[in-house]
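Here is a short tour of one protein model. Keep the sequence and the 3D view at hand while reading.

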Amino acid sequence: MITGASGFVGANVARAMLAGGCEVHALLRAAHRGWRLVDLRGATFHVADLLDRGALDALLDAVRPRWVLHLAAYGAYASQTDTAATVRTNLEGAVNLMDAAAARGVERFVNAGSSSEYGFTDRAPAESEPVAPNSLYAVTKAAATAYATHLGTSGRLHATTLRLYSVYGPYEEPTRLIPSLVLTGLRGTYPPLVGPSVARDFVHVDDVVDAFRAALRADVPPGRVYNVGSGVQTTLADAVAVSRAHFAIEEAPVWGTMPERAWDTGTWVADAGRARAELGWVPRIAFEDGFVRTADWIAAPERRRFYEALRAGRDG
């Protein structure tokens, strides 16, 4: 069972699980956006509210999942500003789902955490370091991670948390940086840009899917947390240079054409050593290669038109 299957990472995970021969049940909220699900053939869809424990209990009793992958979230995008929705989805809903899974002896529960749980840092933080979340979204994700760890170490649920860094690839929201660079690059220009030194650890969604697979199958203690990132820091200047070279853009980028966001920082990189050692997970797709794969995926004529419409707010 996968929550958040209508989202970017969830849709990719669902496709991979189906391709691997799993019976996939996608748990969706009533107001989900369905464009990522149009060609998701073979999954069974369920509409349920994570806040409704009775509905969750009934659904898990009916489906009896061996594994539960929790990817539903709210508040990661600048447009998602509802405080109550952030707390309800990321914390209350996650606790309800974990408790329901624990009560039914689910074999493995994988919780999608976030690198934002660490807050600002001047290095690649290890999972053993204290978190210092600097946004409501990060606070709620850190709290859900702490609860998953508590359930794991107390023996109630084999819960694992993957702290995802800056995931990109097919099906990403068109307003995000990489799709924006692709869509404008196809026209020979750039999107609005913050400063060139703003940094991210970009990890391709195919590598992230592999991390979920590894977390389900690895013989690791319950309650563990793993950083899932490339281990390579990419600045905005680096990303723009890759786009400029790929699309042969003649004009130079103009920096500072959009204001920096509260979470922008010059240091954002993963220490994925624990994931390598314990999950056997190694990121394999370098940013340049991943960018080209993503650009080729978006550039297909029908998909490009659809992405342009989504970016303009005319569909979705």
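Asparagine 96 is buried, with a relative accessible area of 16%. Buried here means under 20% relative accessible area; exposed means over 50%, and partly exposed lies in between (1.4 Å probe, protein chains only). Asparagine 96 belongs to helix 3, residues 83-103. Helices (H or I, at least four residues) and strands (E, at least two) are DSSP runs, numbered from the N terminus. Leaving aside residues up to four places away in sequence, asparagine 96 touches Leu50, Leu51, Asp52, Arg53 and Leu56. Contact means heavy atoms within 4.5 Å.

This is a predicted model, in which local features need pLDDT of at least 70 and side-chain atom pairs count only at pLDDT 80 or more, while totals for chains, interfaces and linings use all residues. Residues are numbered from 1 along each chain as its sequence is written, and side-chain values use heavy atoms, with hydrogens and water left out.

## The sheet

How are the seven strands of the open sheet ordered? The order is 3-2-1-4-5-6-10, and the pairing is parallel. Two strands pair if DSSP finds at least two bridges between them. Strand 3 (44-47) and strand 10 (225-228) stand at the edges. Each has a single partner strand, so one side of each is left without a neighbour in the sheet.

The table lists four of the pairings.

| Strands | Sense | Bridges |
|---|---|---|
| Strand 1 and strand 2 | parallel | two |
| Strand 1 and strand 4 | parallel | two |
| Strand 4 and strand 5 | parallel | four |
| Strand 5 and strand 6 | parallel | six |

Some bridge partners can be followed across the sheet. Threonine 3 has leucine 27 as its bridge partner in strand 2. In strand 4, the partner of threonine 3 is histidine 70. Leucine 69 stands opposite valine 110 in strand 5. Valine 110 in turn stands opposite threonine 160 in strand 6.

Helix 4 (residues 136-153) packs on the sheet. Helix 4 touches strand 5, strand 6 and strand 10. Its direction makes about 155° with that of strand 5. For such angles, axes are lines fitted to C-alpha atoms, for helices over the stretch in contact, and values run from 0 to 180 degrees between N-to-C directions.

## Two strands and a histidine

Which way do the side chains of strand 4 point? Trp67 and Leu69 point one way, Val68 and His70 the other way, and all are buried. Strand 2 (residues 25-28) has its own two sets: His25 and Leu27 point one way, Ala26 and Leu28 the other way. All of these are buried too.

Histidine 70 is found in strand 4. At 2% relative accessibility, histidine 70 counts as buried. Beyond residues up to four places away in sequence, histidine 70 touches Thr3, Leu50, Ala94, Leu97, Phe109, Val110, Asn111 and Ala112. Histidine 70 and arginine 311 are 241 residues apart along the chain, and their C-alpha atoms are separated by 27 Å.

## A covered helix

Is helix 5 mostly covered or mostly exposed? Helix 5 (residues 177-185) is mostly covered, with eight of its nine residues buried. Among the buried ones are Ile178, Leu181 and Gly185. Their cover includes strand 7 (166-168), strand 9 (202-204), helix 7 (236-247), helix 9 (287-299) and helix 10 (301-311).

## Two positive phi angles

Arginine 64 has a positive phi of about 55°, although it is not a glycine. Arginine 64 lies in the loop between helix 2 (53-63) and strand 4 (67-70). At 71% relative accessibility, arginine 64 counts as exposed.

Alanine 248 also has a positive phi, near 50°. Its place is in the loop between helix 7 and helix 8 (273-279). Alanine 248 is exposed, with a relative accessible area of 58%.

## A pocket

The second largest pocket has a volume of about 260 Å³. Of the 15 residues that line this pocket, the closest to its centre are Met1, Cys22, Glu23, Arg66 and Trp67. On a 1 Å grid over the protein atoms alone, a pocket is an open set of points where a 1.4 Å probe fits, with protein on both sides within 12 Å along at least five of seven lines; lining residues have an atom within 4 Å of a point. Grid points are joined across faces, edges and corners, and the volume is the space filled by probe spheres set on them.
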